[in-house]
Number of protein chains: 2
Amino acid sequence: SSLSGAQAQAEGGCRAPAVAAVLPAGGSGERMGVPTPKQFCPILERPLISYTLQALERVCWIKDIVVAVTGGNMEAMKGIIQRYQHKRISLVEAGVTRHRSIFNGLKALAESQPNSRLSRPEVVIIHDAVRPFVEEDVLLKVVTAAKEHGAAGAISPLVSTVISPSADGCLDHSLDRTKHRASEMPQAFLFDVIYEAYQQCSDYDLEFGTECLQLALKYSHVKAKLVEGSPDLWKVTYKRDLYAAESIIKERISQQMCVVMDTKEDEEHVGRCLEEMLKNELNHVKVTSGRDLQQVILEQCYNFVCVNVMTSDFEKTQKLLNVLDESNLSILYPVVVISVHFLDYKSIPFGRKMEDLMQIKELAREVKKRNILLCGLLIYYPQDEQKLQESLRQGATIIATLIKGRDSGLIGQLLIA
Amino acid sequence: SSLSGAQAQAEGGCRAPAVAAVLPAGGSGERMGVPTPKQFCPILERPLISYTLQALERVCWIKDIVVAVTGGNMEAMKGIIQRYQHKRISLVEAGVTRHRSIFNGLKALAESQPNSRLSRPEVVIIHDAVRPFVEEDVLLKVVTAAKEHGAAGAISPLVSTVISPSADGCLDHSLDRTKHRASEMPQAFLFDVIYEAYQQCSDYDLEFGTECLQLALKYSHVKAKLVEGSPDLWKVTYKRDLYAAESIIKERISQQMCVVMDTKEDEEHVGRCLEEMLKNELNHVKVTSGRDLQQVILEQCYNFVCVNVMTSDFEKTQKLLNVLDESNLSILYPVVVISVHFLDYKSIPFGRKMEDLMQIKELAREVKKRNILLCGLLIYYPQDEQKLQESLRQGATIIATLIKGRDSGLIGQLLIA
Ligand SMILES: [Mg+2]
Ligand SMILES: [Mg+2]
């Protein structure tokens, strides 16, 4: 039975209350060089900690998530939970150190208050608010190992050599990189193991200790199992890490694009051509047809291309926007919608077409309030087949640029291919 | 005399041949998860190593920069040096390990070949090709300390706790974070100290050793001085680090913007208004007037806003583009040029104006070849003063978006405010 009860639960649905998580989020983030504590720094306008909560709550066998925040951030945190519809979250007051915050979280789980929905778990995960990319597999690995060993933690290879300085600021010795690892998060513990360690440990430990695994070793005599983590577990520490996190998130939500066409227009040559071109040019992006829009939304596709072959109005785009609005898809991430139109010089002059389409500015301002980023794209539609292919190729490039950039400064613009 | 000869040289111009740098760049970058070795990964279309070379060569007291690259990358490296006009670079063949590459670099400096421009320096800096943000001050600090102590290296605080695993993959002990540091680059050595260490060290050291400071200690009995480095020294290791580096570079070259107006148009109300608006709205960006364009180019401003109040042509923008082209400013970074025009509905219809301005597409394609990213911006110019202010504010937002994004997929577009 090397597979844990946790996995059995995951497979069988979400039943018994075995696993909880504690997230210390009281830090001030002085290393970041910005006034906002790093866990509250926005990425695509959403605070970092919300991404971490999302990563934990999508794991259905984590029953409770206890977040420790300072009194000063308590109301802001409640606002975040409400706005982004986080579930299974309980808030406790942070302590003055990371260890005291964790201890407060553990106490809330241990002591069943009359009005509390929390109960004492068998295993508790401890994670950082500033490690948003934690995956279910590593969570399962540390929980499974904690059940067997009493404690477990993710580790990674050292990127730099670690050295020990002498008192005069010179090199005393450098450590053998092959014999050391960086200790990362998440970690997991049998609840009794870590709670006992915190109850027994000294004030000095609570003030200056950095490592839960070390407390479990020192006070509960449990040697933690070390689990190789992925590079994704890295901790958002410096401003550059926020940049990296934003780029990773943008990349992740730009992997799929849905092309929406009318049944009628679907039969039009040019609509199909554009879809084919997108598939060829953006071969790293999955291009799906919007025939079953609800399914695409369930798959968490955040990019929509609405193809209007014949019309210069936004009726169909508006219909798509309404569906997206009802789906709540844009609560967590900004959704990009590109309204594509075609310009056939023969039938309508460029200037008129442009004037017709300028109403997109107002529409874009309106849907921005619901976190939808709307842009227009006007593709030149010549008779010559080769020129048409070239227009479509340019259009595909612009679509990719808009999706990848996800830049709210460009909403309501009408780009031309 | 705590100030080093290096600084004296820096202050007195670039005289004596005291300091050289060795850059091992033979690594394969397997941690990145991409096929290209990380030092050759492009950032804004330029290989990472070129940024590192730029950081070293702008320090005038570093006389020679010796780069060790594998035979397979030798021609590519020569191409990089030529294309980006790097100076004072010598290439040597990399060894199969980092230490062997460094040793090859040191040998090239030690042995004065008849046809070599290199000579044995007093102090040698060792740096990484994948640490592009090294500043002159830390280079000076390690060189100064190396002159006094024989060896010196940059260090940084540990971000994660370091642990030592036991043979069975469990925690043996964790290290006291306050007593350890991460060893970073650059490092500097009296040339004789490090060269002797490499000559004496074992094959095992050359294969498996990671730390030059440790070699200096073991074989030359020199205890390196440790110098506190800045977070900027971090090593581009993972794909996320490339994202971070790109964002940092984009941010750095978006700090200044130059507004170019005709003397005549300078007196126009609306041109001045836009300049004022840019200053107010983009208060993190230095907005300068383009009256002395050569001076602005010398200051390494990479963003230009060309204001055309009356005309719908690109005569003035073309003039600016010519000046930029002659300046070679865009060799190292893509330069953004935004050609701003105004739309007064009373005097000219929207459609006509748009058609007049569509030639920007061709112009943009042309200057893209010289690494200039040209976009157009059409600002609505109503009679109503308040509405005008709102148009200008939108224009300022779009200008900021284009400069910050620096996205070549948007060249030739005509945005509308
Ligand atoms: Mg799940
Ligand atoms: Mg200098």
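**Figure 1. The exposed residue Glu75(A) and its salt-bridge partner in helix H3 of chain A.** In this predicted model, Glu75(A) has a relative accessibility of 59% and counts as exposed, whereas Lys78(A), at 42%, is partly exposed (buried means under 20% relative accessible area, exposed over 50% and partly exposed in between, with a 1.4 Å probe and protein chains only). The two side chains meet in a salt bridge with an N to O distance of 3.4 Å, a salt bridge being a side-chain nitrogen of Lys or Arg within 4 Å of a carboxyl oxygen of Asp or Glu. Glu75(A) and Lys78(A) are separated by about one helical turn, because they stand 3 residues apart in helix H3 (residues 74–83) of chain A; helices are DSSP runs of H or I with at least four residues, numbered from the N terminus.

**Figure 2. Salt bridges of chain B, and a network in chain A.** Glu207(B) forms a salt bridge with Arg100(B), the closest N and O atoms lying 2.6 Å apart. Glu207(B) belongs to helix H7 (residues 203–208) of chain B and Arg100(B) to helix H4 (residues 98–110) of chain B, so the pair ties together parts that are 107 residues apart in sequence. Glu207(B) is partly exposed at 33%, and Arg100(B) is partly exposed at 24%. Lys179(B) forms a salt bridge with Asp176(B), with 3.7 Å between the closest N and O atoms; Lys179(B) is exposed at 53%, while Asp176(B) is partly exposed at 35%. In chain A, salt bridges that share partners join Arg98(A), Asp128(A), Arg131(A) and Glu184(A) into one network. Over all chains, the count comes to 48 salt bridges.

**Figure 3. The buried residue Glu275(A) in helix H11 of chain A.** Glu275(A) lies in helix H11 (residues 269–281) of chain A and is buried, with a relative accessible area of 6%. When neighbours within four places in sequence are left aside, Glu275(A) is in contact (heavy atoms within 4.5 Å) with Val259(A), Met261(A), Val287(A) and Ser289(A).

**Figure 4. The rotation axis relating chains A and B.** A rotation of 180 degrees, with 0.0 Å of shift along its axis, superposes chain B on chain A with an RMSD of 0.0 Å, the fit being by least squares on the C-alpha atoms of residues with pLDDT of at least 70 in both copies. That is the relation of a two-fold axis. Of the residues of chain B, Gly351(B) comes closest to the rotation axis, its C-alpha being at 1.7 Å. The same surface serves both copies, since 100% of the contact residues of chain B recur in chain A.

**Conventions.** Residues are numbered from 1 along each chain as its sequence is written, and chains are lettered from A and ligands numbered from 1 in the order in which they are written. Local features need pLDDT of at least 70 and side-chain atom pairs count only at pLDDT 80 or more, while totals for chains, interfaces and linings use all residues; side-chain values use heavy atoms, with hydrogens and water left out.

Conventions: Helix = DSSP H or I, 4+ residues; strand = E, 2+ residues; numbered from the N terminus.
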